[in-house]
Amino acid sequence: MNAMNPCKICAAETKNSCSNCKQIYYCSTEHQKQDWKSHKSNCLPFKVVINGQLGRHLITTRNIKPFEVVMKETPLLRGPSQATPPVCCGCLNIIEPSDYINCELCGWLLCGRECKQKSEHKYECELTVQRGRKVNVQEFTNPHPMYQCITTVRGLMLRDKDPERWQKFNTLESLEDERRDSMQWKIDYESVCKFILKFFNTNLFTENEIMRVIGILQINGHEVPVSDPAHVAVYYNASFLEHSCLPNLAKSFSKDGHLIIWAPQDIKKGDHLSICYSDSVWGTGDRQHHLMQTKMFKCQCSRCVDITEYGTKYNALRCEKSDCEGLMLPKSLSNWHKEWICDICQSKVDKGYVNSILEKAGNDLNAMEKTQENCVKYLEHYKKWLPSQHYYMCEVKIHLVQQIGKEPKELITISDDELQIKLKYARELIQLYEILAPCEVRMLGTLCFEIHSAMAEQSRRVTVNTNITPKEVLEESLMFVEKCVNYLQYESDIFVEGHVLKQAKINRDALRMVMRM
């Protein structure tokens, strides 16, 4: 039974809590309505908790249903990424060398006069005016050194210009002690900290303040793809989401850069809420390296400590012995940089052998133009060393699935064999990534649409030849297009996935009508 708690309005003992957050109690509907204006902004299905190992993190206060939005947030701070070509200081889109204006006050580049009015630009504008000389951008190289400072300046200026936002921003983790004297810290000190002090000729901020803001941005910043190039933004509540390489939350963005955090699967009351700070389709070694370089920690999530990655053997290499069908992996995460062992014949290879294969396969993949022909050649060439479920092979299969029948008109011209390859690889990828990366919703949604489209073409060919459309094919096609809609439902139409969503909804409704008939 629920414990008695005081009503927020009158303090009368009651068992009735807010149905959404489960944290505030009301003795009556009238008192809940009376408090709603005050409670609304804090009515969230999670709470912040603290422990020595994780620091501040979020746990759910009730069960979360599949596809439910857990939080929506506007940016606490946003600005250009640290490595960027010249962008508009208003909308953060790339500046065309032949089509821009200069802010008449400070000289920073804008794509139009309407962007001068955007609130984000006022901070670097004011500091530049105090400098006494306008900015003069002449080169449009990538990255442009002057743009490394803008977002840091915006964070620093909050201290005196927006104390309420500064109070929130300044409470976020910077990991300054862990970052200090690392290679990245030294680069930031020279290229951002010293640059700000010299370029703006200011004593408003100390070196320690500047380095702390840089740390907050690097530890808490999200890459926001609604501008071209993507910019960086910090979101307050989302900064308390912990990391997992198998997270339970997905990220989407509205067209104006608001963050949408939602649950692709159900989450139980009391569970920790997590996102992936890295890329969950990368191999373990790459994820670990990226997290150590950017977030300063070694991941010990359930996926990382299971060297088989839930039995998928996503990182495994084929046994070096030609007569053995085994797969090689290290004994554990702590042995990652030591010898790898075959799971059948127990033969061992050193990490140098492993690195040589992975380096060659990775370099070839990065250099390769991702055409259908090249993808087929890559898979054929590397199957000697890499099993079909290896992360490099899967990346190539994703490109291949997208290249086969890339346009709807092309789909009807491909051979039956090509159509079967498209279906086979897309099914394999979805089955694998629904285990390893269930929150990579854009990838999963797109793959579901690829299967649906291929099955629709397969059904058309059967109907043309037999005048019969198999019901089970239509049912499976409908299942995949419905999954596509679920995965992509929060994607804006400024993204490719948003356009896929629109078409998927049209196809879903048409298929439902066909099934009813």
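How do β6 and strand β10 pair, and over how many bridges? Let's start there. β6 and β10, which covers residues 231–234, pair in the antiparallel sense, and three bridges hold that pairing. If you want one pair of residues to find on screen, take Leu77: its bridge partner in β10 is Val234. Keep in mind, please, that what you're looking at is a predicted model.

Okay, so let's widen the view a bit. That pair belongs to an open sheet of three strands, in the order β6-β10-β9, with antiparallel pairing. The edges are β6, residues 77–79, and β9, residues 222–224; each has a single partner strand, so one side of each is left without a neighbour in the sheet. From one strand to the next, the twist averages 30°. And there's a helix to go with it: α4, residues 150–161, lies across β6 and β10, running at about 155° to β6.

Now on to another sheet. This one is also open, with three strands in the order β5-β13-β12, and again the pairing is antiparallel. Its edge strands are β5 (69–73) and β12 (250–253), each pairing on one side only. Here the twist averages 20° from one strand to the next. Look at β12 and β13 for a moment. β13 spans residues 259–262, and four bridges join it to β12, the two running antiparallel. Your marker residue here is Ala250, which stands opposite Trp262 in β13.

Let's step back to the whole chain. It's divided into four pieces: domain 1 is 5–64, domain 2 is 77–234, domain 3 is 306–392 and domain 4 is 404–516. Between the C-alpha centres of domain 1 and domain 4 there's a distance of 42 Å.

What does the UniProt record say? An unreviewed entry there lists residues 7–43 as "domain: MYND-type". In the model, that stretch is 30% helix and 5% strand, and its end C-alpha atoms sit 16 Å apart. The unreviewed entry in UniProt also lists "domain: SET", at residues 34–278. Over those residues the chain is 31% helix and 18% strand, with the end C-alpha atoms 43 Å apart.

Last stop, helix α13, residues 391–403. Does its length add up, or what span should we expect? Well, at 1.5 Å a residue, its 13 residues should span 18 Å, and the end C-alpha atoms are 19 Å apart, which agrees. After the helix comes Gly405, with a positive phi near 60°.

Which residues of α13 are buried? Here's the list: Tyr391, Tyr392, Met393, Cys394, Val396, Lys397, Ile398, Leu400 and Val401. Several other helices help cover them, including α9 (284–294), α11 (351–367), α12 (372–382), α15 (416–436) and α16 (441–466).

I'd like to finish on one name from that list, Lys397, a lysine in helix α13. Why do we call Lys397 buried? Because its relative accessible area is 6%, and the cut-off for buried is under 20%. And what is Lys397 in contact with, once we leave aside its neighbours within four places in sequence? The answer is Leu379, Ser388, Tyr425, Glu428 and Leu429. Try turning the model so that you look along α13, and pick out those residues around Lys397.

Methods: Residues numbered from 1 in each chain as written. Predicted model: local features only at pLDDT ≥ 70, side-chain atom pairs only at ≥ 80, totals over all residues. Heavy atoms only, no water. Pairing = 2+ DSSP bridges. Axes fitted to C-alpha atoms, helices over the stretch in contact; angles between N-to-C directions. UniProt positions renumbered as here; feature names shortened; annotations may be inferred. Domains from an automatic or database assignment. Expected span 1.5 Å × (residues − 1). Buried < 20%, exposed > 50% of the residue type's maximum accessible area, 1.4 Å probe, protein only. Contact = heavy atoms within 4.5 Å.
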